[in-house]
Each structure stands twice: as C-alpha cells, then as structure tokens.
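Me: I'm new to this structure and would like a close look at a single part of it. Could you walk me through the metal site?

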Amino acid sequence: MTKRNCLSIVLAAGLGTRMRSDLPKVMHPIGNLPLIGHVLNALKDASSDRVAVVVGPGMEDLEKLVTSLMPEASCHVQAERLGTAHAALAARSALNKVADDVLVLFGDTPLITPMSVETVRCALAEGADVAVLGFEAANPFGYGRLLIKEGVLQAIREEKDATDEERKVSFCNSGIMGFRGTIFLDLLEAIGNDNAKGEYYLTDAVEIANEKGLQVVAVAADEEDVQGINTRAQLADCEAVFQKRMRGAAMEAGVTLQAPETVFFSHDTVLEPDVTVEPNVVFGPGVTVASGARIRAFSHLEGASVGAGSIVGPYARLRPGAELSENVHIGNFVEVKNATIGSGAKANHLAYIGDASVGAGSNIGAGTITCNYDGFGKHRTDIGAGSFIGSNSTLVAPVTLGDGVYVGAGSVVTENAESDSLVIGRGRQVVKPGRAAEIRARFKAARQAKTKT
Ligand code: UD1
Ligand code: CA
C-alpha cells in the first residue's frame, strides 16, 4: 500500500466558558504542557503530514504557542464561533493541497494517543469515506451519541437534540473524525444549522454522508484516551490520568518510585533506568536524571539535570540551569540555580548556589550563600576543584576562587583568591579571659541593689 498523506485540523477556537478563565481553554496545562501541545504531540507521533489549527479571534498568544510547539503547523482564525463544522471550514486554505485523509480533532482532548489516531486512519485506508472514533461513556451526558443500526453508523445526535430513547445510548462521539480528502469540503458545505443550538455541527456530516451513499464507520477507543475537558474538574481528572501514565512509563523503563502516587511529572521528564525517587517529589519542566541517581523525599526540580549516582534531597530545590555531574550530593534545604556542580562535589545543608560553578570534589559548607544579586544585576561565583568553603560563608559575586582554596567558616568573601589560598574573610576574634564572669557579677549586684530599695 502506498503511504497515504494526511491533514489534521485541530479545533481550538472555543472560549472554554465553563473553565471561567481569561486563558483560552487549550492553553491550560497538564503535566506542564498546554492541552493543545498534547494533541500536537500525538499527531507528531502518528505522523500526520500537515497540521492546521483553528483559533478564535484575538487569540494571538495561542497562535504563538502553536508556532513554537510546531513551527510547520498553519493557524487559521474562525472569525465567529458558529459551531464545529464552521470551525473546520476556517481551515479551508489548508485544503488547497490535496490530502488523502483529513482528520478533525478537538484541542480540548489532550489524552488522545497516536494509536487512536492510527485507528481512524486505518479505517480510511480500508475504504471508509467517513470514520468516527467512538467510546463507551461511563456518563454519556453532554456527548454526541452514535446511532448505529444494523452495524452501520447512521447519525450522531447531540445531547440537546436527542430524544429520550437516543439519550440512553452510551456509545459516544470522541470528537475525532476522519474523512476521505476528496469528499471533505462537499460534506462540510452541505451542513446546515437547523438544531437546538443553531450551530453548524460537524457531526451532521455522518447523516449527510449516509444520504449520499458513502461508507461511514465507527471505530472505538478507550474512554480514558478521549475524555474531553470543559471544566476545571475535568482538567484535574485528565491531569490524574496523565500522571498515572507517566508513573507507569517510568517504572516500566526501570525507575523505582517508592510511592508512585506522590510523584508528579512534567510531560518532558526524563529518568534513566535505576533512578530511585522517594515519596513527594515534583518534577517541573525540563528535568533529566541519569542512571543510579537518587531523588530523596520532598524535593522540587525544574530545568535541571542530575548526573549518574548523585543524591538530591531530602528537601532540595533545583531550579533552571542547575547541572549536576556524577556523584554530586545536594542535601536538605539547598537551592541550586543556573550553576554547574562538578563531579563528587557536595553541598549537604542549607545553602544557596546561584549563577555559579563549583569544581569537582569541592565541599560547600552549611549556610554558604552566593550573593549573586546586588539589586541591579546578577553576577557569577566560580569555585575551583577540591575547594573547601567553610560554613556560613558569604560569597559576594562577582568572585572567583581557584582550585584547592580553603575558606574559613563565617567568611565574607569579596575578592578573588588564587589556587591553594587560605581565605579568612572576617574580623579577628577577641578573647578577654574572665570578662564574662565580671559582667555577670556586675548585673547581679545591680539587681540586688534594686530589690533592696
Ligand atoms: C463536541 C461534539 C460532540 C462530542 C464532544 C466530545 C459537535 C457538534 N459536538 O461537543 O459530539 O461528543 O465534542 O468531546 O461537534 N470549537 C471551535 N469553534 C466553534 C465551536 C467549537 O473551534 O465554533 C472547538 C472548541 O474549541 C473545542 C471543540 O471545537 O475544542 C469542541 O467544542 P465544544 O463546544 O467543546 O463541543 P462539545 O459540546 O464538547
Ligand atoms: Ca468539549
């Protein structure tokens, strides 16, 4: 069989009124990726040749987002929101180039898998003119019902237009439909708006195709893959499914999750085999953890990479640009931002390392702070290999310390030091033997004099 080419039209012009949000619905995230991004990813994996996204008027941010996620996708504006068929026609210019298959998908159905998309395309390849992806709904309320007679999909009836009898049907429209490219425009242009909502329903294409004697089929997906998001509660439901999938995939790939239900992933989290994640860990976007590393409980990581065999946490925070080599230890209440930490280096307690580099094998004492911000700009702190920064040191950036430098505890370091220097950045200690006892005696005498009067 020659490869069929495919145009996918993603409808995303709706306001998402039921979300009660200023943000267009498809820009709300799950796994820290906007809903539309999940749909585009599924299409990439299902190798859709071309993608057209239909947005609403004034949704420039959404257009920018689509372009950043998929530069080759085209955006089309649906000037008025007159229904899903009207929306699909807004992408008319994308149809100037012939496509064997035209798929229509909704931007608010983020859990769609490449396999479900393939199911629809297979039906078209096998000769269907129209293929609808349906699912058995636990609660069909609000969905279009697939009306099947003698094995043939006759029509899709929207909730508001359905009879009581039709409402009892639980096999529902997921919103994903496939069309033979050559008939797509004719079918859509034949759709009217004589229904309860006065909208042009894409779903009416089914009845019209039947009238024209075309072949219409329904194929099935799991409800979990096609659940749509109209409300914040449904957003949370989809997030839960997404997290369950990510946890499952991580364990499948050889990662130990001690309490999987307490670990939160982003869409792009990469954990290599033999990573261990303790309970209550959050992975923000852009995290990579190499083999054998351990992320201890209550840590928060984003935009960070953790080298093989490293230990992070408990209670550690890795912010964007934190790059840990192998066998690094970042302990409790340590924050690392935009900093490279060399192999075997340690910062075990209560420290802030920002805009910095720490050489291999160095030890950063408890309470060490890189003062990277002077109220105007950010400055760097560079620490060589094998250095020792005593506890509670304040490294005032910009400052550079060579290899093997030893900084005494409690130092305020403002000047560079060459390799193997000893740096003591604090006033000389004053010790006056017997002076404390003298002071106590003086206070005691004063108190006694007061009680006598
Ligand atoms: C739609 C289907 C229904 C299906 C359900 C699955 C129709 C008529 N109904 O209902 O059969 O069971 O999805 O979730 O197709 N949109 C536009 N422009 C418009 C209207 C909608 O771009 O003028 C977009 C929305 O942004 C959204 C999608 O189309 O991504 C679906 O619209 P929505 O209003 O959510 O349809 P449902 O009532 O959920
Ligand atoms: Ca919907």
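**The calcium site**

Reply: Let's start with Asp108, which is buried, at a relative accessible area of 14%; buried means under 20%, exposed over 50% and partly exposed in between, using a 1.4 Å probe and protein chains only. This is a predicted model, where local features need pLDDT of at least 70, side-chain atom pairs count only at pLDDT 80 or more, and totals for chains, interfaces and linings use all residues. Residues are numbered from 1 along each chain as its sequence is written, chains are lettered from A and ligands numbered from 1 in the order in which they are written, and side-chain values use heavy atoms, with hydrogens and water left out.

So what coordinates the calcium ion (ligand 2)? Asp108 (OD) and Asn230 (OD1) do, at 2.7 Å. Asp108 sits in the loop between strand E6 (101-106) and helix H4 (114-125), and Asn230 in the loop between helix H8 (223-226) and helix H9 (232-252), so the pair ties together parts that are 122 residues apart in sequence. Donors here are N, O and S atoms within 2.8 Å of the metal (3.2 Å for Na, K and Ca), and because water is not among the atoms, sites may look incomplete. Helices (H or I, at least four residues) and strands (E, at least two) are DSSP runs numbered from the N terminus.

Unlike buried Asp108, Asn230 counts as partly exposed, with 22% relative accessibility. For the wider setting, the chain has ten helices and 33 strands, and buried residues make up 47% of its 453 residues.
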